[in-house]
Amino acid sequence: MDTSYRKTLELDKILERAAALAVCPEARALLLEQPAGETPDEVRYALSQTDAIASLLLKNGSPRFGGVSGVDKVVSRAVKGGVLSMAELMEVAGALRNFQNLVSWYGLTEHDMLPVDDLFYALSPQPGLEKQISSAILSPEEMADTASNTLFEVRRKIQATENSIRDKLDAIIKNSTTNKFLQDAVVSIRNGRFVVPVRAEYRGEVGGVIHDVSSSGATVFVEPTAVVEANAKIMQLRSQEKAEIERILIAFTEQVASIEPMFNFSYKAMLDIDVLLAKAHLALEQKAWMPQVADDVHFDLKKARHPLIDPDKVVPIDVALGENYDTLVITGPNTGGKTVTLKTAGLLCAMAQHGLLIPAHEHSTVCVFTDYLVDIGDEQSIEQSLSTFSGHMKKITGILDNAFKGSLVLLDELGAGTDPAEGAALAVSIIEQLRIQGALVMATTHYSELKVFALETAGVVNASCEFDVESLRPTYKLSVGVPGKSNAFLISEKLGLPARVIQRAQTHLASDDKRLDDVLAQLDDLKLQLKESQDEAEKAKAEAEKMLEKAREKCDALVRQGETELEAARLKARQMTQQVQAEAYALTDELHKLQKDDKQSAAQRAARAREIARKDAERLFAKSDVAHNPVRQFVPLKEVRVGQEVVIAEYDQLATVTSLPDRNGMVEVRAGIIRTKVPLSGLKAPDKLQKPQKKGGRAAPAPRSTTVQRVERSASMEINLLGMTVEEALMETDQFIDHAVMNGQTMVYLIHGKGTGALRNAIHQHLRGHKNVKSFRLGRYGEGEAGVTVVELK
């Protein structure tokens, strides 16, 4: 791909701005040299990486990241046996610190898998080595005393020796006998040795070694005999210090060499992250979003903004190409924004191909172009330059040679700079040839012939940049589907050109041009009307969406309230079930006691049992939320037979007769798992067996009543075992299955939850040997899946 489009579309300015946000010089170079993506998947991945880093920047802020350069080459030199200097080791420590800081920054917040995970996982921090180097080396030329015990001891001795020398020299300076021979009462250092300045004429009066002479010759610098030996000792200690520093540097170099493979891998990942951080910072600066990437060749930019124009002044545009039409002819007055539209479309697609988020709506779509072939006249460009017709034709010739399917061709003022008739014909022919070659084309023009060509040719669409004639200012809005007017006469009139000149010019217009202007004027009127209607529709849509959102919120609130109430009801039902079970056991014990009481007759025992049962039932009913009715008037049965279904009127409970009435008129019945005796006068026929009373051939209407009737409910098909121990759950399961079998159920649901699976396994093991279980299975989708067991009963 020819990269000349970078300058023409001003992509180079965008890349340079992004590069300026990179920390490492090598990352800046990588960003500027990075080629455009060549496949949709490659571009999607690059954009997703930039978007992921931008999201991390918003959540975690900017990482602590220092600039380093060429450190991989420094490490390679260490591997080859070179001893690294203190400055080079500081660069290595800086890179290791970057690795650690990036890893820490990445883990500041929890997140799902990201497309940049591999880069951060490639970082191998060495906190121990980094801390050792940073503690030992204070600057490129200074090593800390604490770098080693030997170095500390040598420097301590140097300091002590220097102090003794200074004491001896101070004594010489303050001595009244020798003081008069000195030029100044100061101590100096020459060639690493301590000396005193002696006047030249008294050089023989102060014994010692002369190390230097002043430029005037009036002063000689003498090392007194008293400190010669101490100075020699310091030189020896300095040599030991240098050797120890060299040993420390060699030790650090060997450690750096040992991590070379991991370091180089991490260093490359660090540079890639630096590039992505620069792109992400630019995206946040431009308020850019990640677009969708089409597999075919078409783009659809929504609310697109040119990133080099002041955000407070730029007008977003909607522009698309390649899906419903392959050529867009943009017309309108000068300075109306035609060229900016061309550059915005081309620049944003190119930015996306280089992995940069674009300043457009997130629902925008871009594609991968094999070439960007651009001829934008510099005199019409944002930067302004000059060009000629021949220069344009030379560029277009090159474009025709390279334009194929997958190319985007941007032509500004096509056919301008020559005879209008010939230029228009040439422009139409060029567009036709580019379409034959399969390229997508965007072109700006003032020629009416091109407007007519777009109106008459399938796949070619007009677009216009709007212009406010009253204020003589462009609106920079793009209207697709409608050709624009140049408005030369109106603009000239507003600018003060005499009316007679404009009228005379209108007479020179061809009749076809006049008709076209009239049609365009009508289109402008229709466009304004359509815009008003569209604004009203958008307003109505916004109101409808707002109302829908409120309705959704209310619905969600009601659902949450219902779920809360349902959970509370389930909890209360479970508590009542446990209480009923306890009451049933107590009632059974009481009945057993009555049966053993020989002092009471059978009738008395039965009456006492009924009284106990009635009071317990009333107490349980009182604790529920259901409104209960008193026993209504009913017609008692006069006779019954074994197996007959009857209703115990006092409790409105369906039961089955198990024996005929005894001599006391007591009938034994079974209600669920309970057997009891009830007076024959307390039984009635079930409602389904009662024949409706007829009046005039029609059923008599039921009497109106405001009392809430007690609801007859069948046995539940599910039991909730959550929170129970295994023993409790198995006991509840047995009782629940017994109830279900007696009620004629064939399918029940045991709710045990998923959890660790211990409760489920225990229940399944128990069901395998249960006499009433035919088969069982885990719930399917919608039944509770692994949290529910569905049991089929025999």
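In this predicted model, four strands form an open sheet with the order E24-E25-E27-E26, and the pairing within it is mixed. The edges are taken by strand E24 (718-720) and strand E26 (773-778), each of which pairs on one side only. Averaged over this sheet, neighbouring strands are turned by 20 degrees against each other, with direction ignored.

Two antiparallel pairings involve E27. Strand E25 (residues 747-751) is joined to strand E27 (residues 788-793) by five bridges, and the two run antiparallel; E26 and E27 likewise pair in the antiparallel sense, over five bridges. At the level of residues, Val 748 has Val 791 of E27 as its bridge partner, while Leu 750 stands opposite Thr 789 in E27. From the E26 pairing comes Phe 776, whose bridge partner in E27 is Val 791. Val 791 is therefore a residue to look at from both directions, since it is the partner of Val 748 and also of Phe 776, in a strand that has five of its six residues buried and so is largely enclosed by the rest of the structure. As background, strands of a sheet pair through backbone hydrogen bonds, either parallel or antiparallel.

A further open sheet of four strands has the order E3-E4-E6-E5, and here the pairing is antiparallel. Strand E3 (188-190) and strand E5 (208-213) stand at its edges; because each has a single partner strand, one side of each is left without a neighbour in the sheet. The twist in this sheet averages 50 degrees from one strand to the next. E5 pairs with strand E6 (residues 219-224) in the antiparallel sense over five bridges, and within this pairing Asp 212 stands opposite Phe 221 in E6.

The antiparallel strand pairs for which bridges have been described are set out below.

| Strand pair | Bridges | Residues facing each other |
|---|---|---|
| E25 (residues 747-751) and E27 (residues 788-793) | five bridges | Val 748 and Val 791, among them |
| E26 and E27 | five bridges | Phe 776 and Val 791, among them |
| E5 and E6 (residues 219-224) | five bridges | Asp 212 and Phe 221, among them |

Away from these sheets, Leu 328 lies in strand E10 (residues 327-331). With a relative accessibility of 0%, Leu 328 counts as buried, because buried means under 20% relative accessible area. Leu 328 and Met 442 are 114 residues apart in sequence, yet their C-alpha atoms are 4.8 Å apart in space.

The cysteines can be considered next. The count of disulfides comes to zero, where a disulfide is taken as a pair of cysteine sulfur atoms within 2.5 Å. Cys 367 is in no disulfide, and its nearest cysteine sulfur, that of Cys 349, is 5.5 Å away. Cys 367 is buried, with a relative accessible area of 1%, and Cys 24 also counts as buried, at 0% relative accessibility.

Turning to internal space, a search of the whole structure finds one cavity of 30 Å³ or more, and about 40 Å³ of space lies in the largest cavity. The lining of the largest cavity consists of Asp 375, His 392, Met 393, Ile 396, Asp 412, Glu 413, Leu 414, Gly 415 and Ala 416. Helix H14 (residues 389-402) gives the most to this lining, with three residues. By class, the lining has four nonpolar, two polar and three charged residues.

Finally, two loop residues deserve a look for their backbone angles. Glu 10 has a phi near 65 degrees, a positive value in a residue other than glycine, and is found in the loop between helix H1 (5-8) and helix H2 (11-20). Lys 287, which is not a glycine either, has a positive phi of about 55 degrees and is found in the loop between helix H12 (260-286) and strand E7 (292-293). As for surroundings, Glu 10 is buried, with a relative accessible area of 2%, whereas Lys 287 counts as exposed at 63% relative accessibility, because exposed means over 50%.

Terms used:
Residues numbered from 1 in each chain as written. Predicted model: local features only at pLDDT ≥ 70, side-chain atom pairs only at ≥ 80, totals over all residues. Heavy atoms only, no water. Buried < 20%, exposed > 50% of the residue type's maximum accessible area, 1.4 Å probe, protein only. 1 Å grid on protein atoms, 1.4 Å probe; cavity = no way out; pocket = protein on both sides within 12 Å on 5 of 7 lines; lining within 4 Å. Points joined across faces, edges and corners; volume = space filled by probe spheres on them. Nonpolar A, V, L, I, M, F, W, Y, C, P; charged D, E, K, R; others polar. Pairing = 2+ DSSP bridges. Axes fitted to C-alpha atoms, helices over the stretch in contact; angles between N-to-C directions.
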